[in-house]
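This report goes through one structure for a reader who has not met it before. The sequence and the structure come first, and the description follows.

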Amino acid sequence: MRYILGRAATPEETRAEWATRLTAQSDASRGLGYWAGFTPDDEFAGWWSASSFAGRPELSGLGYRLGYRLRRTAWGRGLATEGAGAMLAEAFACADVQRVLASTMAVNTGSRAVLARIGMAHTDSWVREWDEPIPGWEGGEVRYELERSAYDVI
Ligand SMILES: CC(C)(COP(=O)(O)OP(=O)(O)OC[C@H]1O[C@@H](n2cnc3c(N)ncnc32)[C@H](O)[C@@H]1OP(=O)(O)O)[C@@H](O)C(=O)NCCC(=O)NCCS
């Protein structure tokens, strides 16, 4: 959460976030939504998503969204990359998904490395306004994208 809120989310924030994620941003009938991931020995590792930007009108016309958040014990094992690659496959299995996007703070080098490893390209950077600025905010945000035509040749 260091690069997301700069602190743990409260139960109310978590409930509000997931209420949108699991309704408007998910469409299970098309295979879009949020996945819980487990390690080979059945430990909960974290979540991954291939979902829409419903509720974010500035982004919803641009494409679909890839995301992930892993427990610290699951880091450094290649699991984030493996799951993120599976999310790309899930998104592009929908015939109308032309582009997948992901964004993170510029200073989040671990997350940026995952996006680069699955073939996404850094396409945009910007500095946003924060209600509660967190360390690294001044470095801004980065967006990574992958077009269906590029995915087809990976
Ligand atoms: C961002 C985040 C997912 C990155 O996790 P990660 O463990 O670094 O990424 P991966 O699962 O792809 O693992 C890659 C690392 O595992 C190592 N690794 C070990 N065994 C491996 C294997 N069998 N296969 C591949 N990589 C392996 C790699 O060498 C690499 O280590 P390095 O970065 O020191 O070179 C994780 O830090 C996280 O969940 N952070 C909190 C949430 C967050 O920031 N989300 C994104 C915000 S938008």
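Along strand 6, the side chains take turns between two faces: Val-142, Tyr-144 and Leu-146 point to one face and are buried, while Glu-141, Arg-143, Glu-145 and Glu-147 point to the other and are not. The model in which this pattern appears is a predicted one.

**The sheet**

Strand 6 belongs to an open sheet of six strands, arranged in the order 1-2-3-4-6-5 with mixed pairing. Strand 1 (33-38) and strand 5 (121-126) are the edge strands, and each of them pairs on one side only. From one strand to the next, the twist averages 25 degrees. In general, the strands of a sheet pair through backbone hydrogen bonds, either parallel or antiparallel. Four of the pairings are set out below, each with its bridges.

| Strands | Sense | Bridges |
|---|---|---|
| Strand 2 and strand 3 | antiparallel | six bridges |
| Strand 3 and strand 4 | parallel | two bridges |
| Strand 4 and strand 6 | antiparallel | seven bridges |
| Strand 5 and strand 6 | antiparallel | five bridges |

Single residues show how these strands line up. Trp-47 stands opposite Arg-69 in strand 3, and Trp-48 stands opposite Tyr-68 in strand 3. Tyr-64 has Val-100 in strand 4 as its bridge partner. Two residues of strand 6 also appear in such pairs: Glu-145 stands opposite Leu-101, and Tyr-144 is the bridge partner of His-122. Tyr-144 is among the buried residues of strand 6, whereas Glu-145 points to the other face.

How many of the seven residues of strand 3 are buried? Five are, and the strand is mostly covered. Helix 3 lies across strand 3, and also across strand 1, strand 2, strand 4 and strand 6. The helix runs at about 155 degrees to strand 3.

**Helix 4**

Helix 4 covers residues 109-117, and its buried residues are Ser-111, Val-114 and Leu-115. Seen down the helix axis, these buried residues fall within an arc of 95 degrees, so they line one face of helix 4. Thr-109 and Ala-113, on the other side of the helix, are exposed. What covers the buried residues of helix 4? The cover includes helix 3 (79-92), strand 4 (99-105) and strand 6 (141-147). After helix 4 comes Gly-119, whose phi is positive, near 95 degrees.

**Around the ligand**

The shell around the ligand has 19 residues, of which Leu-70, Trp-75, Gly-78, Ala-80 and Thr-81 come nearest. By kind, the residues of the shell divide into nine nonpolar, eight polar and two charged. Strand 3 (64-70), helix 3 and helix 4 each supply at least two residues of the shell. Which element gives the most to the shell? Helix 4 does, with four residues.

**Two loop residues**

Two residues in loops are described here, one at each end of strand 2.

Asp-42 is placed in the loop between strand 1 and strand 2. Most residues other than glycine have a negative phi. Asp-42 is a residue other than glycine with a positive phi, near 70 degrees. Is Asp-42 buried or exposed? Asp-42 counts as exposed because it has 7 C-beta neighbours inside 10 Å, and the cut-off for an exposed residue is 12 or fewer.

Ser-52 is found in the loop between strand 2 (residues 44-51) and helix 2 (57-60). Ser-52 is buried, because 21 other C-beta atoms lie within 10 Å, and the cut-off for a buried residue is 20 or more. Leaving aside its neighbours within four places in sequence, Ser-52 is in contact with Gln-25, Asp-27, Leu-32, Ser-60, Tyr-64 and Arg-65. Gln-25 is 27 residues away from Ser-52 along the chain, yet the C-alpha atoms of the two are separated by 4.7 Å. Tyr-64, another of the residues in contact with Ser-52, is the one whose bridge partner in strand 4 is Val-100.

Notes: Residues numbered from 1 in each chain as written. Predicted model: local features only at pLDDT ≥ 70, side-chain atom pairs only at ≥ 80, totals over all residues. Arc of directions from axis to C-beta. Contact = placed C-beta atoms within 7 Å. Near = placed C-beta within 6 Å. Nonpolar A, V, L, I, M, F, W, Y, C, P; charged D, E, K, R; others polar. Pairing = 2+ DSSP bridges. Axes fitted to C-alpha atoms, helices over the stretch in contact; angles between N-to-C directions.
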